[in-house]
Amino acid sequence: MSLILFAFVVRVRDGLPLSASTDFQHNRELQERKQQLRTVSKALARFPDRGTVKGQELNIYFASSEGVSYMTVCHCSLPVAKAFCFLEDLRWEFTACFNSTVVALAARPYPFLEFDSTIQKLKQQYNQSGGPALEVTLAEVQDDLKIRPPQVINLEEVDLTNGIANGHMEQGPGSGPNVRLEPVTAPGILSLVLNIMCASLNMIRGVHLAEYTFQDDYEGIWNVVAFLLAFVCCVSQCHLYLFHSSHKKLKSFTLLSVIVLCNLYLIGLRNAWQLLFHVSVASLATGLILTRKLQERANDCGV
């Protein structure tokens with residue numbers, strides 16, 4: 001049974017695929033791990049130079065050096081030290097063929113596909129012999145792993161920091177979109193329009209009231225604060241619906257609570273129908289924020 005199933009070489013700064021092993025297996029978990037590997041590759045700049053992602057039967061390991069990361073999908077029965085030995089050997093082979101300047105200038109995905117034959121030979125060597133040719137290499141890697149163990153990567157954290165705006169999650173420099181929010185629906189558009197209307201009404205009433213408050217010894221200052229705070233919350237609800245954010249449930253209920261409290265404070269300045277309208281719009285926005293789920297984008301990192 002093959003213990004090393006897939007290998008992948010990627011540029012750290014932007015996740016550009018440089019080379020990969022040819023894969024003819026259709027194992028479901030392997031395909032899932034390859035997609036996860038692609039996700040991790042987009043966030044490598046934020047991770048230490050060694051890491052692992054645990055799976056049921058297959059694990060992902062990666063080791064980064066000089067702006068290039070060497071990644072592999074291995075069976076869980078393969079010892080961690082042997083997996084990193086494979087990555088170290090892969091690094092030596094790659095750096096012997098391609099210098100850092102060529103890697104830095106690469107502009108298209110998989111510019112070094114010819115390196116696939118080297119990867120296949122290395123995979124075959126490890127799968128047949130069960131490890132590196134020199135035991136001293138394995139011993140050195142084992143000692144190094146005791147001193148600097150690989151970081152265990154949580155894929156949920158990677159997803160939350162690996163997207164972009166307009167339905168994609170926020171991302172850091174050099175990463176790309178892999179997960180995005182579901183498309184905006186018709187009720188969502190209606191909610192946005194109504195929320196913008198409520199925000200405008202709150203802003204207009206707040207500014208208008210402020211002009212009189214500043215002339216009357218600040219007697220109605222808290223009414224001005226309530227209007228402006230409701231305006232900020234309405235705008236924040238629009239942002240929370242359009243863009244992914246961590247702790248979404250807590251933020252959405254907090255915004256709803258503040259809007260309700262502001263409108264209750266303004267009972268003397270708004271009639272019952274106006275209060276009902278503003279609270280209903282806020283409640284609709286909260287429901288839509290909580291029901292708009294994340295949508296995965298399939299990525300094929302095979303060649």
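**Figure 1. Helix α1 lies across five strands of the predicted model.** Helix α1, residues 28-41, lies across β1 (4-11), β2, β3 (50-53), β4 and β5. The helix runs at about 20 degrees to β1. Helix α2 (residues 80-97) also packs on the sheet, where it touches β1, β2, β3, β4 and β5. The direction of helix α2 makes about 140 degrees with that of β5.

**Figure 2. Six strands form an open sheet with mixed pairing.** The strand order is β2-β1-β5-β4-β3-β6. The edges are taken by β2 (17-20) and β6 (151-152); each has a single partner strand, so one side of each is left without a neighbour in the sheet. Within the sheet, β4 (residues 58-65) and β5 (residues 68-75) run antiparallel and are joined by eight bridges. Tyrosine 61 has threonine 72 in β5 as its bridge partner.

**Figure 3. Arginine 33 and glutamate 29 form a salt bridge.** Their closest N and O atoms are 3.0 Å apart. The two residues are four residues apart in helix α1, so about one helical turn separates them. Arginine 33 is buried, with a relative accessible area of 7%. Glutamate 29 also counts as buried, at 13% relative accessibility.

**Figure 4. Glutamate 88 and arginine 91 meet through their side chains in a salt bridge.** The N to O distance is 2.8 Å. These residues are three residues apart in helix α2, and therefore about one helical turn separates them. Glutamate 88 counts as partly exposed at 27% relative accessibility, whereas arginine 91 is buried with a relative accessible area of 17%. Elsewhere, Asp49, Arg50, Asp144 and Arg148 are joined into one network by salt bridges that share partners.

**Figure 5. Arginine 11 forms a salt bridge with aspartate 14.** The closest N and O atoms of the pair are 2.7 Å apart. Arginine 11 is buried, at 5% relative accessible area, while aspartate 14 counts as partly exposed at 25%. The structure holds seven salt bridges.

**Figure 6. Confidence varies along the chain.** The protein has a mean pLDDT of 82, and 83% of its residues reach 70 or more. Over residues 163-179 the pLDDT is below 50, and this stretch has 60 contacts in the model beyond near neighbours in sequence. Residues 296-303 also stay under 50, with 25 contacts beyond four places in sequence.

Key: Residues numbered from 1 in each chain as written. Predicted model: local features only at pLDDT ≥ 70, side-chain atom pairs only at ≥ 80, totals over all residues. Heavy atoms only, no water. pLDDT = per-residue confidence, 0-100. Contact = heavy atoms within 4.5 Å. Pairing = 2+ DSSP bridges. Axes fitted to C-alpha atoms, helices over the stretch in contact; angles between N-to-C directions. Salt bridge = Lys/Arg side-chain N within 4 Å of Asp/Glu carboxyl O. Buried < 20%, exposed > 50% of the residue type's maximum accessible area, 1.4 Å probe, protein only.
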